[in-house]
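Reader: Could you take me on a close look at a single part of this model, and then show me how the rest is put together around such parts? I would be glad of one connected account.

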Amino acid sequence: MFVVLVCDDNAPYTAMLVKMLSNYADIYDIEVKGYQDETELMEYCQSNKFDIVYMDVELKETNGMILAGELKKINPQSLIIYISDYDDYFAEMVNAEPFSFISKELSIAELEKRIEKTLKAAIKRINPQDLWTFEFNKMEYKISLERIKCFHSVARKIYIDGDTMGAPTYFYGKLDEIEKAIMSIDDQFIRINKSYLVNMHWAGLIGGSSQVQLESKIIKVSRKYQEEFNRRKKTARWWVYFK
C-alpha cells in the first residue's frame, strides 16, 4: 500500500483533496491522510512510511518547499506535488525538484482530473509496471525496462545500458531468450543484430533504415533483422527520427 499525504493550512481545501484522492484508494491501493499543520505532518513522517505528498507552497509557519526539502531528507524516494495560487513559484519549484504542480485556480472538475493524472503518474514512478526480473550470482533483481536503453551481448555476458535501479549492469544468458522475455512485457524493444536489443524510445534512425543511433554510438541493422526492423520502425516511438 502507498501512503499519500496532503498538507494545506486551508482545512476545507485539504478535506476536498483527501476526498478526491480517496476515490482512488482501491484502484491504486493507497491510504490518504490530510494535515493542516506542518508540525503534525513532520511528526508523522519521522516515524511512518509515506510515498507521495501534495504540498501547499504557502503554509502558515513555513514555506512548503522548505518543508518538502526536509521530507526528502527523511525519504529521498518520496514524490512531492506542489499546490499553489501563484505561477511565480514555478521557477523556484524547479530547483526544489517537484514531481508535479497543481494550481489552486483550477475549477473543481479540472482539479479532479489533475489529481487523478498526478496520482497515476506518481504511482507509476514509484512502482513501474514494466519490471523485468533476472538472476545474477544466485540473487534476483528487478529493473524497469522504460529506463533501459539497450541490452548488449558479448559471448555469454549480457550488458545492460541504462538505469538499472541498483541492479548489476551485466549478467549471463542468451540474447535470444532475453528478447522473448522482454518483448512479452515491453514491445518497444527491437532486435537489430546478433548482439543488440535496443529500446526504440532511446534510439534514433540514421542512414535510411540501416543504422540506429544510441547516444554517440552508431549500430548497424543486420540483414537477418532488417525485414522486422522495417515493419516496426514506422510505428515506434523513436527518440529522434532522421529521414
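**Arg114 and its surroundings**

Author: Happily! Apart from neighbours within four places in sequence, Arg114 is in contact with Ser100, Phe101, Ile102 and Leu106, where contact means heavy atoms within 4.5 Å. Please keep in mind that this is a predicted model, in which local features need pLDDT of at least 70 and side-chain atom pairs count only at pLDDT 80 or more, while totals for chains, interfaces and linings use all residues. Residues are numbered from 1 along each chain as its sequence is written, and side-chain values use heavy atoms, with hydrogens and water left out.

Arg114 itself has its place in helix 6 (residues 108-126); helices (H or I, at least four residues) and strands (E, at least two) are DSSP runs, numbered from the N terminus. With a relative accessibility of 25%, Arg114 counts as partly exposed. On this scale buried means under 20% relative accessible area, exposed over 50%, and partly exposed in between, using a 1.4 Å probe and protein chains only. Phe101, one of its contacts, comes 13 residues away along the chain, and the two C-alpha atoms are separated by 9.2 Å.

Three of those names bring us to strand 5 (residues 100-103), which is covered on both faces. Ser100 and Ile102 are buried on one side, Phe101 and Ser103 on the other. In a regular strand, side chains alternate between the two faces of the sheet. Strand 5 runs parallel to strand 4 (residues 79-84), and four bridges join them; two strands pair if DSSP finds at least two bridges between them. Within this pairing, Tyr82 stands opposite Phe101.

Let us step from strand 5 into the loop that leads on to helix 6, where Lys104 is found. The side chain of Lys104 meets that of Asp8 in a salt bridge, at 2.9 Å from N to O. The term covers a side-chain nitrogen of Lys or Arg within 4 Å of a carboxyl oxygen of Asp or Glu. Because Asp8 sits in the loop between strand 1 (2-7) and helix 1 (11-22), the pair ties together parts that are 96 residues apart in sequence. The two partners are not alike in their surroundings: Asp8 is buried, with a relative accessible area of 0%, whereas Lys104 is partly exposed at 22%. Asp56 belongs here as well, being linked with Asp8 and Lys104 in a network of salt bridges.

Before we move further along the chain, helix 4 (residues 64-74) deserves a stop. Its buried residues are Gly64, Met65, Leu67, Ala68 and Leu71. Viewed down the axis of helix 4, they fall within an arc of 155 degrees, so they line one face of the helix; the arc is that of the directions from the helix axis to the C-beta atoms. The face of helix 4 turned away from this buried side carries the exposed residues Ile66 and Lys73.

Further on there is an open sheet of five strands in the order 10-9-8-12-11, with antiparallel pairing. Strand 10 and strand 11 are at its edges, each with a single partner strand, so each has one side left without a neighbour in the sheet. Direction ignored, neighbouring strands of the sheet are turned by 20 degrees against each other on average. Strand 9 and strand 10 run antiparallel, joined by three bridges, and Lys157 has Tyr172 in strand 10 as its bridge partner.

Helix 7 lies across strand 8, strand 9, strand 10, strand 11 and strand 12 (196-199), and runs at about 150 degrees to strand 11. Here axes are lines fitted to C-alpha atoms, for helices over the stretch in contact, and angles run from 0 to 180 degrees between N-to-C directions. Helix 7 and strand 11 are also joined through side chains: Arg191 and Asp176 meet in a salt bridge of 2.9 Å, N to O. As Arg191 lies in strand 11 (residues 189-191) and Asp176 in helix 7 (residues 175-183), the pair ties together parts that are 15 residues apart in sequence. Arg191 counts as buried at 6% relative accessibility, while Asp176 is partly exposed at 45%.

How far can you trust all this? The mean pLDDT of the protein is 85, with 89% of its residues at 70 or more; pLDDT is the predictor's confidence in each residue, from 0 to 100. Confidence is highest in strand 9 (residues 157-162), at a mean of 96, and lowest in strand 16 (residues 240-241), at 44.
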